[in-house]
Amino acid sequence: MARVVRFYAYGGPEVLRIEDVAVPPPGSGEVRIRVKALGLNRAEASMRKGTYIETPALPSGLGLEAAGIVEAVGEGVDGLALGDAVSIIPPRSMARWPAYGELVTFPAELVVKHPPSLGFEAAAATWMQYLTAYGALIDIAHLGRGEPVVITAASSSVGLAAIQIAKAVGAVPIAVTRTSAKKAALLDAGAAHVVASHEEELEARLKEIAPQGVRVVLDAVGGPIFMPLTAAMSRGGMLIEYGGLSPEPTPFPLFEVLAKTLTLRGYLVHEITGDPARLEAAKRFILDGLAAGALKPVIARTFPFDEIVEAHRFLESGEQFGKIVVTV
């Protein structure tokens, strides 16, 4: 038996329950992991509320990231052995492959032996944020040295990962956050510029920072911010949307799109994780960056497993700077 987190109805953090369940042995091509730490993501809060792109049958588990020790290996698995310290690439379905538990089973192709320099907490805070940022900025946008790049929701785990990746390739990360409360922390995290969108005129500030326009924008917000963001973009630019945090409607900036031949592109990390060749390239980039110290997960706060409800409340508070981790 092992403790897992499940929910029987959609709702707030209080719907999460910790239950004892029997965990079967791993099947062919699978690995069972004794979990040491979990990384929390807004996608999990969305699924818990019933607003995620995946609609699970209830009751359902959830969770996209974990790190721990290999406890059992199924038939046909090569390269992984009992006792290996590993972390998990986010699966396409967290209902099918939930990570919130003391024991979890995952396909071997989603299990990575992480660098020895990483502890379990940092390893659990790695893959979703860096794969998301890498896929958008490097795989899709081909961000280059000297280029300005606008990153909204910059104090989120993906935002901070994007700042680090942009800096690693010599680009100029422009962090957009709601207020100036996190400005100093974002500058310390590697942002070249910080714009407080609720305190400054966003379009004017971006044009001041990048008079020639910004080719690449990574946005997690949507809503009215589309207008000033596209107004500050350069001809042929690309806005990559991966979030949709704003509760307000997102206008289509028709004339900016036409005049500048802009690309507004939706993006999910599954584009990378579902393509073996692209995933291998991403893993090499991220593992090399972790080993070199150019990439370093920022952990906002850790909670014990028994406080998963409190961890989800903090996840939705908007107060965090970086990743929330739960220790098991």
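**Entry 1: the sheet**

How do strand β10 and β11 pair, and over how many bridges? I looked and found that β10 (residues 172–177) and β11 run in the parallel sense, over four bridges. I count two strands as paired if DSSP finds at least two bridges between them. Strands, like helices, are DSSP runs numbered from the N terminus: helices are H or I with at least four residues, strands are E with at least two. Strands of a sheet pair through backbone hydrogen bonds, either parallel or antiparallel.

I noted the source too. This is a predicted model, where local features need pLDDT of at least 70 and side-chain atom pairs count only at pLDDT 80 or more, while totals for chains, interfaces and linings use all residues. Residues are numbered from 1 along each chain as its sequence is written, and side-chain values use heavy atoms, leaving out hydrogens and water.

Next I checked one position: Val 176 stands opposite Val 195 in β11. Then I traced the whole sheet. It is open, has six strands in the order β11-β10-β9-β12-β13-β14, and its pairing is parallel. β11 (193–196) and β14 (263–266) are the edge strands, each pairing on one side only. From one strand to the next, the twist averages 20 degrees.

**Entry 2: α4 on the sheet**

I asked which strands α4 touches. Helix α4 packs on the sheet and touches β9 (148–151), β10 and β12 (214–219). Contact means heavy atoms within 4.5 Å. The direction of α4 makes about 170 degrees with that of β9. Axes are lines fitted to C-alpha atoms, for helices over the stretch in contact, and angles run from 0 to 180 degrees between N-to-C directions.

**Entry 3: α3 with α4**

I turned to α3 and helix α4 (residues 157–168). They pack at about 55 degrees, with axes 8 Å apart. That makes α3 oblique to α4. (Under 35 degrees counts as roughly parallel, over 145 as roughly antiparallel, 65 to 115 as roughly perpendicular, the rest as oblique.) Contact residues include Tyr 130 and Tyr 134 of α3, and Ala 161 and Ile 165 of α4. By class, I found nine nonpolar, four polar and no charged residues in this contact. (Ala, Val, Leu, Ile, Met, Phe, Trp, Tyr, Cys and Pro count as nonpolar; Asp, Glu, Lys and Arg as charged; the others, Gly among them, as polar.)

**Entry 4: α3 with α10**

The axes of α3 (residues 127–140) and α10 (residues 276–292) come within 10 Å and cross at roughly 115 degrees. The two helices are therefore roughly perpendicular. Trp 127 of α3 and Phe 285 of α10 are among the contact residues.
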